[in-house]
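User: Hello! I have a structure on my screen and would like to talk through its cores, pockets and a few single residues. Could you help me?

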Amino acid sequence: MSEPLVIFDKVQKHFDKFVAVKELDFEIREGEFLAIMGPSGCGKTTTLRMLAGLETPTSGEIRLGGQVMNDVRPHERDTPLVWQSLALFPFLSARENVEFGLKMRGVDKTERKQRALKWLDKMGILDFADRDISTLSGGQKQRVALARSLVMEPQILLLDEPLSALDAHLVIRMQAVLTDLQRELGITFVYVTHSQSEAFAMADRVVIMGEGEIAQIGTPKDIYRAPANQFVAEFVGRNNILSGTVATISRTSARITTPSGDFTVPVNEVALKDGENASFVISADLVHIALDQPTGDNTVQCKLISEEFVGSMVTLFLEDAQGHEFKVQMQERELSSFDLKGGDAIWLSWDTQSAHVLNQS
């Protein structure tokens, strides 16, 4: 495992009486792609701005390469930031935009031109080097913004919602550009986003934030399959969450009584006790559908409410007799064999090991 490049040590940020970041304790590893996610107002952008030097922590320390950075000015840090708005200079050409930071550092004209052209070539837009920024497409502007930051050859690159203004097909293309660049260069990327699909597609680890705190840090798979608590499970989405009371418990499993029925869950690291409240989650893609009642411990009958198609995948939205919503995600070709219509009765089932008991804290 690589050594930490960045350490947030009990970092807080207050704006007058408002606490934007309560207390952050986490590390960013050298050479990793770290994504920070969370709802609006959770503190993720404030966290990025503190790392960039645009905000000063109220308390605690941010250390980069062992050096305390709290009072180091932004232009003295090796932490360029790619903005959501890109912040390109409209009166400069693509090449001149890329050269700008080098010019501010006193790099001579010949060298900065060579380095700018090299990075525009890496980004696949060398032919547009002398074009005015206003004539470039959204995707081309995005590549110029990346080249402008990477030409400085930083240790770490910060990205604040950089793909949010692009069309869907360009987002997919730029995700590939970013991940390929990060792997090729070995530069640490810290990427703030609202988009789960972006974070999960690109990041080595994901930080989920809520109300100024870290709710969970882990790999995309860990967070998706084993959310730490109900907040994370709800934020990640496409999860089915059921709550009830522990009816029985054995060495390997427990039976939980919910308004939707009794269900068996595995006994994992969350301590369960008879009679106590408990919640568990089943990912939508681990739920099976059938027209007739299947065998097993975990079955519930629902009616189909609606369907959502995204390419070859479809998400079914269903309700049981108590009005609890269930979601099922599957390949469209699998669904077509059922010939379902709105209001049809469907049985849902899942394996006991597919359930994940949530921490109640």
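User: Which residues have the most contacts inside the largest nonpolar core?

Analyst: Happy to help, and please keep in mind that this is a predicted model. In soluble globular proteins, nonpolar side chains tend to be buried together. Here the largest nonpolar core has 49 residues, and its largest share, 6 residues, comes from helix 5 (residues 168-185). Those with the most contacts inside this core are Val144, Leu146, Leu157, Leu159, Leu178, Phe200 and Val206.

User: What is Leu157 in contact with, leaving aside its neighbours within four places in sequence?

Analyst: Leu157 is a good one to pick, as it is among the residues with the most contacts inside the largest nonpolar core. Setting aside neighbours within four places in sequence, Leu157 is in contact with Pro80, Val82, Leu146, Ser149, Leu150, Ile187, Thr188, Phe189 and Val190.

User: How many residues does the other core have, the one with Leu304 and Val314?

Analyst: That core lies apart from the largest one. Leu304, Val314, Leu348 and Val357 are among its members, and Val314 also lines the second largest pocket. The core has 29 residues.

User: Which residues are closest to the centre of the largest pocket?

Analyst: The largest pocket holds about 660 Å³ of space. Strand 6 (81-82), helix 2 (94-104) and helix 4 (138-150) each supply at least two residues of its lining, which by class has 14 nonpolar, 4 polar and 4 charged residues. Of the 22 lining residues, the closest to the centre are Pro74, His75, Pro80, Leu81 and Gly101.

User: Which strand gives the most to the lining of the second largest pocket?

Analyst: This pocket has a volume of about 200 Å³, and its lining divides into 5 nonpolar, 4 polar and 2 charged residues. Strand 16 (299-310) and strand 17 (313-320) each supply at least two of them. With 3 residues, the one that gives the most is strand 17.

User: How many of the residues of helix 1 are buried?

Analyst: Helix 1 spans residues 44-52 and is mostly covered. Its buried residues are Lys44, Thr46, Thr47, Leu48, Met50, Leu51 and Ala52. Out of 9 residues, the number buried is 7.

User: Is Lys273 buried or exposed?

Analyst: Lys273 lies in the loop between strand 13 (261-266) and strand 14 (277-283). Its relative accessible area is 52%, and the cut-off is over 50% for exposed. Lys273 is therefore exposed.

Notes:
Residues are numbered from 1 along each chain as its sequence is written. This is a predicted model: local features need pLDDT of at least 70, side-chain atom pairs count only at pLDDT 80 or more; totals for chains, interfaces and linings use all residues. Side-chain values use heavy atoms; hydrogens and water are left out. Buried means under 20% relative accessible area, exposed over 50%, partly exposed in between (1.4 Å probe, protein chains only). Helices (H or I, at least four residues) and strands (E, at least two) are DSSP runs, numbered from the N terminus. On a 1 Å grid over the protein atoms alone, a cavity is a set of points where a 1.4 Å probe fits but cannot get out, and a pocket is an open set with protein on both sides within 12 Å along at least five of seven lines; lining residues have an atom within 4 Å of a point. Grid points are joined across faces, edges and corners, and a volume is the space filled by probe spheres set on the points. Ala, Val, Leu, Ile, Met, Phe, Trp, Tyr, Cys and Pro count as nonpolar, Asp, Glu, Lys and Arg as charged, and the others, Gly among them, as polar. A nonpolar core is a set of buried Ala, Val, Leu, Ile, Met, Phe, Trp, Tyr and Cys residues joined through side-chain atoms within 4.5 Å. Contact means heavy atoms within 4.5 Å.
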